[in-house]
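Thanks for coming. I have one structure to go through today, and I'll keep to what can be read from the atoms.

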Amino acid sequence: MKKKIKITVLAISILVISGCSNANSQPNHSMMNNEEMDDSMMNMDGNMMGNRHMSHDGVVSLNDSTGENELKIPAMLERDNKEEVAYTVRAQIGKTEIFDGIETNTYGYNGTFLGPMLRLEKGDTVKIRAINELDENTTFHWHGLEVAADADGGPHDVIKPGEEKIIEFKVEQEAATLWFHPHPEGKTSEQVYNGLAGLVYIEDDNSKSLGLPTDYGKNDIPLIFQDKTFDDKKQLNYRAAMNDDGTIGDTLLINGTLNPKLTVNKEKVRLRLLNGSNARNFTFKLNTGDSFIQIATDGGFLNAPVTLNEITLTPSERAEIVVDFSQLNLENGLALINEDGSVLLPFEVSDQSGAISRIPGEMNDFSLTVEEKDLPVTKKVELFGMMDMVMINGKKFDADRIDFTQQQGVTEVWEIYNRPDMMGGMIHPFHIHGTQFKIISRDGEEPSEYEQGWKDSIAVHPGERVKIAIQFNHKGVYMFHCHILEHEDNGMMGQIEVK
Ligand SMILES: [Cu+2]
């Protein structure tokens with residue numbers, strides 16, 4: 001009897017720690033590896049285990065934002081000089097006052113927490129002096145940028161403590177909201193969790209001529225969503241919070257702001273959403289049930305605006321949406337909320353009418369051609385596993401192994417399959433470096449309108465087969481991996497050499 005009670009307590013604590021969850025939305029495995037799972041299933045009262053993943057109680061909810069702090073807007077990074085597009089980016093250790101009067105140990109770029117926004121233009125030749133002022137190895141990865149592999153900042157591009165590297169590339173892709181973060185082998189999750197993440201905006205003639213809201217920080221707002229667990233000293237104790245299946249926290253920070261609110265005018269406001277979490281999925285909606293307009297995916301504008309009531313972003317995915325505060329009923333308060341109702345970002349709407357902007361009916365010329373649709377599948381990726389037993393095509397990452405090769409400039413079709421396990425499986429957000437791809441189909445069906453645009457990360461649901469058309473414009477060895485950062489660090493990553 002005593003043993004049984006102990007096991008039940010264990011099972012409950014596992015439930016509490018990791019949370020069970022909806023297979024459609026959240027990481028949902030507990031803190032056991034395969035063998036432990038098998039053992040405990042045999043030892044345990046079947047009822048408990050049997051219910052574990054049937055229950056859709058969800059992972060730990062986020063605390064509602066009280067809205068007591070105005071949202072911080074990342075500074076736009078100044079160029080080093082006027083003559084060339086040169087920037088200096090330092091990875092630093094610091095202390096940040098996230099909670100009033102308390103210093104939290106954090107990492108940041110050119111500051112103590114998170115990083116600045118780099119605004120690049122299509123056609124720019126960019127030079128970045130990347131300096132590692134941490135006391136551990138790091139890399140500078142430009143997520144979503146179509147650059148040569150030696151500029152991409154994958155695990156091979158280690159910069160040691162106290163060292164620096166000049167990174168050069170030409171911006172050849174269209175306007176988009178991208179980001180940068182570290183990518184050292186086995187340490188990505190901890191470094192991102194501690195605060196290393198920044199934004200890259202690309203603008204081009206099209207983005208500047210569309211008439212969309214473009215006043216940075218006023219009606220063009222970046223929103224980096226990250227969930228954290230703070231210990232009783234209000235520290236980010238990654239080792240204590242860490243879950244091999246994806247570290248989830250109860251405390252939301254947006255742009256590093258605790259309990260944020262956003263003050264806006266009665267105008268159209270563009271929100272550039274980035275899920276910068278280690279593992280949490282977000283489904284964004286307005287508390288009033290009102291719709292909003294999506295205008296962009298990870299890598300560029302949609303051809304036409306899409307009206308949505310909610311949008312789900314898995315880790316590393318972005319979307320740009322426009323909320324028209326001149327058209328909404330503000331009587332009962334307006335907020336961006338998560339799927340489960342938790343308040344992410346309350347809005348305070350001033351009486352000012354704000355700027356005149358518009359959402360044009362035509363924004364881009366993205367297309368999936370008949371030829372691309374008809375191409376045979378030439379690369380198969382099978383995502384499988386959980387916790388630290390995660391693999392791609394049955395293998396864990398090996399820096400010395402090339403998994404695929406592809407010719408530069410040649411489009412191929414990849415099929416990504418998320419093989420479910422006995423627990424039902426979980427979503428894996430699959431990311432490919434150095435390129436933007438097109439979704440051909442999900443389980444044979446045309447993707448929804450809101451995904452008919454450039455993507456560099458895609459949520460692949462348990463049991464789902466996704467086909468994408470993908471081309472690399474540069475050479476070198478690139479990573480492809482699950483963007484649940486603990487899965488990436490646990491080896492759910494492979495390498496493609498573009499020749
Ligand atoms: Cu994964």
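I'll take the metal site, then the salt bridges, then the surface charge, and finish with some backbone points.

One caution before that: this is a predicted model.

The metal site. Which protein atoms hold the copper ion? They are ND1 of His 428, SG of Cys 482 and ND1 of His 487. These donors lie 2.0 to 2.1 Å from the copper ion. If you want to find them in the sequence, the spacing to look for is H-x53-C-x4-H. Cys 482 and His 487 are both buried.

Now the salt bridges. How many does a search of the whole structure find? The number is 28. I'll go through three of them.

The pair to begin with is Asp 220 and Arg 270, where the closest N and O atoms are 3.8 Å apart. Asp 220 is in strand E10, residues 220-228, and Arg 270 is in strand E14, residues 268-275, so this salt bridge ties together parts that are 50 residues apart in sequence. Are the two partners buried or exposed? Both Asp 220 and Arg 270 are buried. For Asp 220 the relative accessible area is 3%, and the cut-off for buried is under 20%, which is why Asp 220 counts as buried.

The backbone places Asp 220 beside that part of the chain in another way. Asp 220 and Leu 271 are 51 residues apart in sequence, and their C-alpha atoms are 6.1 Å apart in space.

Next, Arg 272 with Glu 320. Their closest N and O atoms are 3.6 Å apart. This pair also links distant parts of the chain, with Arg 272 in strand E14 and Glu 320 in strand E19, residues 318-324, a separation of 48 residues. Arg 272 has a relative accessible area of 2% and is buried. Glu 320 comes out at 3% and counts as buried too.

The remaining pair is Glu 412 and Lys 379, whose side chains meet in a salt bridge of 2.8 Å, N to O. Where do the two sit? Glu 412 lies in strand E25, residues 412-418, and Lys 379 in strand E22, residues 377-386, so the salt bridge ties together parts that are 33 residues apart in sequence. Glu 412 is buried, with a relative accessible area of 13%. Lys 379 is buried as well, at 7%.

Going back to the other two pairs, they belong to one network. Salt bridges that share partners join Glu 203, Asp 220, Arg 270, Arg 272 and Glu 320.

On to the surface. Which residues gather in a patch of negative charge there? They are Asp 64, Glu 310, Glu 339 and Asp 340. Of these, I'll look at Glu 310, which is in strand E18, residues 310-313. Its relative accessible area is 40%. Partly exposed covers the range between the 20% and 50% cut-offs, so Glu 310 is partly exposed.

Now the backbone, starting with phi. Lys 234 is not a glycine, yet it has a positive phi of about 60 degrees. Lys 234 is in the loop between E10 and helix H7, which covers 238-241. With 29% relative accessibility, Lys 234 counts as partly exposed.

Asn 259 is another residue other than glycine with a positive phi, here near 50 degrees. Where is Asn 259? Its place is in the loop between strand E12, 257-258, and strand E13, 260-264. Asn 259 is buried, with a relative accessible area of 17%.

Last, two more pairs of residues, by C-alpha distance. Phe 225 is in strand E10, and is buried with a relative accessible area of 0%. From Phe 225 to Leu 252 is 27 residues in sequence and 7.1 Å in space, C-alpha to C-alpha.

Ala 176 lies in strand E8, residues 176-181. Ala 176 counts as buried, at 4% relative accessibility. Its C-alpha atom is 8.3 Å from that of Val 200, and the two residues are 24 apart along the chain.

To recap two points: the copper ion has His 428, Cys 482 and His 487 as its protein donors, and a salt-bridge network joins five named residues, among them Asp 220 and Arg 272. That's everything from me.

Conventions:
Residues numbered from 1 in each chain as written. Predicted model: local features only at pLDDT ≥ 70, side-chain atom pairs only at ≥ 80, totals over all residues. Heavy atoms only, no water. Donors = N, O, S within 2.8 Å, 3.2 Å for Na, K, Ca; no water. Buried < 20%, exposed > 50% of the residue type's maximum accessible area, 1.4 Å probe, protein only. Patch = residues over 30% accessible without salt bridge, like charges linked within 9 Å, V, L, I, M, F, W, Y side chains within 5 Å. Areas by Shrake-Rupley, 256 points an atom, 1.4 Å probe, with all protein chains shown as cover. Salt bridge = Lys/Arg side-chain N within 4 Å of Asp/Glu carboxyl O. Lys, Arg positive; Asp, Glu negative; His and termini not counted. Charge placed at Lys NZ, Arg CZ, Asp CG, Glu CD. Helix = DSSP H or I, 4+ residues; strand = E, 2+ residues; numbered from the N terminus.
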